[in-house]
Each structure stands twice: as C-alpha cells, then as structure tokens.
Amino acid sequence: MSRATIRWIAGPVLRATAAGPFALREAVRVGRDALLGEVVRIDGDQIVVQVYEDTTGLKPGAAVEGDGLPLAIRLGPGLLGRIFDGLLRPLAGADTVFVRPGMRHATPEIFAFAPRVARGDTLRGGAIIGEVTAANGRVQACLAPPDGGGEVVATVGAGEYAEDASLLTVRDASGGERSLAMTHAWPVRVPRPVAARLPTRACRRALRWSRVSASSTACSPSRRAARRQSPAGSEPARRCFSRRSPKAATLT
C-alpha cells in the first residue's frame with residue numbers, strides 16, 4: 001500500500017508528495033476519516049487527488065493511502081430495492097441522514113443461493129452462476145464477472161450465504177484459480193462489455209430528432225390528436241418543435 005503526504009489542498013482537490021508508487025485512477029483513502037478519493041494526475045513524485053467527500057478539516061501533512069486498485073463499485077443482488085449515491089454508498093437504512101465520512105460499501109446481505117453450474121462445467125464470462133431469493137421472494141440471477149470465465153473446479157450447495165462469500169472456484173486457461181461470489185467489483189471508468197446493443201424506441205426517436213438542424217423546425221402528430229377522432233376533411237393537430245426554442249406549440 002503506497003502512502004503520500006498532503007502538501008496543498010483547495011476544496012475537493014489536493015496535491016500530495018508520494019512515498020511509493022501510485023497509478024492513475026487509483027482509489028485512495030485521505031486523512032484519518034479515510035475519505036474516498038481518486039488519483040487524477042501524476043507528475044513525478046507528486047500526485048493530484050480528487051476527493052469525493054467533504055474535505056472540511058483536511059490540511060497539509062495529512063496522510064493519503066492508496067488501495068492499489070482502481071476506483072470501483074460492487075455489483076450484485078443487494079442493489080435492487082435500496083437507495084445509493086453515485087458511488088453506491090447506501091443512503092437508506094442507516095442511523096443518520098448523512099453519508100458518514102469514509103463510508104465505502106453497504107453491509108453484505110444474506111441471500112438464499114441455488115447454484116446453476118456444476119463441477120467440470122465450462123463457464124463463460126457474464127454467464128449465470130446461480131439464482132438468489134431475496135426476503136420478499138424476488139428471484140434474481142447471479143452473473144459471473146465478464147473476465148471470470150473458465151472451468152468450474154468447486155462449487156457450494158444450495159443454502160444461505162453472504163453476498164461476498166465464495167460460492168465457486170474457476171480455473172482459467174493459464175491454470176490460475178479464482179473464487180467467485182454473488183457480487184464482484186467493477187472499475188467505474190471501464191465500460192461493461194456487451195454482446196450487442198439493441199436500439200430502443202426512445203433511442204430511435206432521439207436519433208430521428210437529432211437530425212433536425214439547429215436552425216429548423218419539425219412537426220409530428222401530437223398524442224392527444226391521435227387519440228381523438230378528427231372531423232372528416234380536417235387536418236389533425238400537430239406538435240411543432242424548434243431547435244431554437246425548447247418550447248412546443250400545438251397547431252391546428
């Protein structure tokens with residue numbers, strides 16, 4: 001774990017002198033409250049850190065400790081039905097209305113887990129490893145991380161386990177073994193890989209309107225006009241949109 005010492009701070013940004021190696025986008029803990037931060041610049045033995053919490057009380061001389069890993073969030077079945085901030089720190093169920101300084105992740109929950117793979121199976125990244133049942137009866141699929149493929153060499157039986165408990169062991173092509181749980185960490189700056197992206201109706205509509213030039217106006221039938229029956233020979237109401245003004249006017 002690398003360490004650094006703050007020598008300058010202004011608001012959420014600080015500059016520190018490093019006493020060990022740091023990596024760009026590495027997660028760090030700042031001060032005695034272990035405030036969450038991220039390395040955004042490296043210049044020799046100087047690092048610039050963006051702190052994502054209130055820095056009141058921090059001053060030169062305070063310690064900065066690196067996690068050795070990029071800033072990441074934990075993904076798993078415990079996300080549904082709860083309220084979090086942008087870094088998945090829990091905002092509900094705590095004994096205070098404020099996020100505590102240095103708070104990282106929610107307390108792991110207990111779920112009833114039923115495996116869907118067996119020893120000897122070949123697991124692909126992103127495949128279903130089992131299903132969990134929440135206290136309200138909701139059934140969710142647990143997925144392997146995108147880089148968690150390989151041969152299953154061990155797995156647990158059906159039962160109740162914590163989110164972060166090891167459920168199965170996978171051996172990759174190089175012979176290395178890795179334990180998988182219901183949850184896994186994923187770097188916030190790395191896009192999740194997908195097999196394909198399917199356009200939705202909203203996306204197609206947005207693409208259609210994006211073709212309207214910045215100085216023109218386009219019209220489309222309004223939903224209200226489509227629902228009511230227009231008199232014979234009359235023109236249905238239209239809704240006009242102008243790129244010059246975000247307001248819409250209904251014309252007849």
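A salt bridge is taken here as a side-chain nitrogen of Lys or Arg within 4 Å of a carboxyl oxygen of Asp or Glu. The model is predicted, so that local features need pLDDT of at least 70 and side-chain atom pairs count only at pLDDT 80 or more, whereas totals for chains, interfaces and linings use all residues. Residues are numbered from 1 along each chain as its sequence is written, and side-chain values use heavy atoms, with hydrogens and water left out.

**Figure 1. Overview of the predicted model.** The protein contains 2 helices and 19 strands; helices (H or I, at least four residues) and strands (E, at least two) are DSSP runs, numbered from the N terminus. Of the 252 residues, 30% are buried, where buried means under 20% relative accessible area, exposed over 50%, and partly exposed in between (1.4 Å probe, protein chains only). The accessible surface of the protein is about 16,000 Å², and 53% of this belongs to carbon and sulfur atoms. Accessible areas come from the Shrake-Rupley method with a 1.4 Å probe; for residues, only the protein chains shown count as cover. Among contacts between residues at least 6 apart in sequence, 49% join residues at least 24 apart, a contact being heavy atoms within 4.5 Å.

**Figure 2. Strand E2 and its partners E1 and E5.** Strands E1 (residues 3-10) and E2 pair in the antiparallel sense over 6 bridges; two strands pair if DSSP finds at least two bridges between them. In this pairing Ile6 stands opposite Ala16 of E2. The hairpin of E1 and E2 has 2 residues between the strands, and Gly11 in this hairpin takes a positive phi near 65°. E2 also pairs with strand E5 (residues 46-51), again in the antiparallel sense, over 5 bridges, with Leu14 opposite Val49 in E5. Side chains alternate along E2 (residues 13-18): Leu14, Ala16 and Ala18 point to one face and are buried, whereas Val13, Arg15 and Thr17 point to the other and are not.

**Figure 3. The open sheet E9-E12-E14-E15.** In this sheet 4 strands follow the order E9-E12-E14-E15, with antiparallel pairing. Strands E9 (122-123) and E15 (177-180) stand at the edges with a single partner strand each, so one side of each has no neighbour in the sheet. Strand E14 (residues 168-171) is joined to E15 by 4 bridges, and Val170 stands opposite Arg178 in E15.

**Figure 4. Salt bridges of Arg178 and of a linked network.** The side chains of Arg178 and Asp147 meet in a salt bridge (3.3 Å, N to O). This pair links distant parts of the chain, 31 residues apart: Arg178 lies in strand E15, and Asp147 in the loop between strand E11 (139-143) and strand E12 (150-155). Arg178 is partly exposed at 35% relative accessible area, whereas Asp147 is exposed at 53%. Glu151, Arg171 and Glu177 are linked in a network of salt bridges.

**Figure 5. Salt bridges Arg29-Asp67 and Glu131-Arg116.** The structure holds 8 salt bridges. Side chains of opposite charge can pair when their charged atoms come close. In one salt bridge, the closest N and O atoms of Arg29 and Asp67 are 3.3 Å apart. Arg29 belongs to strand E3 (residues 26-30) and Asp67 to strand E6 (residues 63-70), so that the pair links distant parts of the chain, 38 residues apart. Arg29 is partly exposed at 31% relative accessibility, as is Asp67 at 28%. Glu131 forms a salt bridge with Arg116, with the closest N and O atoms 3.1 Å apart. Because Glu131 lies in strand E10 (residues 128-133) and Arg116 in the loop between E8 and E9, this pair ties together parts 15 residues apart in sequence. Glu131 has a relative accessibility of 30% and counts as partly exposed; Arg116, at 47%, also counts as partly exposed.

**Figure 6. The surroundings of Thr183.** Thr183 lies in the loop between E15 and strand E16 (184-187) and is buried, with a relative accessible area of 8%. The side chain of Thr183 makes a polar contact with that of Arg74 at 3.0 Å. A polar contact is a pair of N or O atoms within 3.5 Å; within protein, one must be able to donate a hydrogen and the other to accept it, and residues adjacent in sequence count only if both atoms are side-chain atoms. Leaving aside residues up to four places away in sequence, Thr183 touches Arg74, Leu75, Gly76, Pro77, Glu163 and Asp164.
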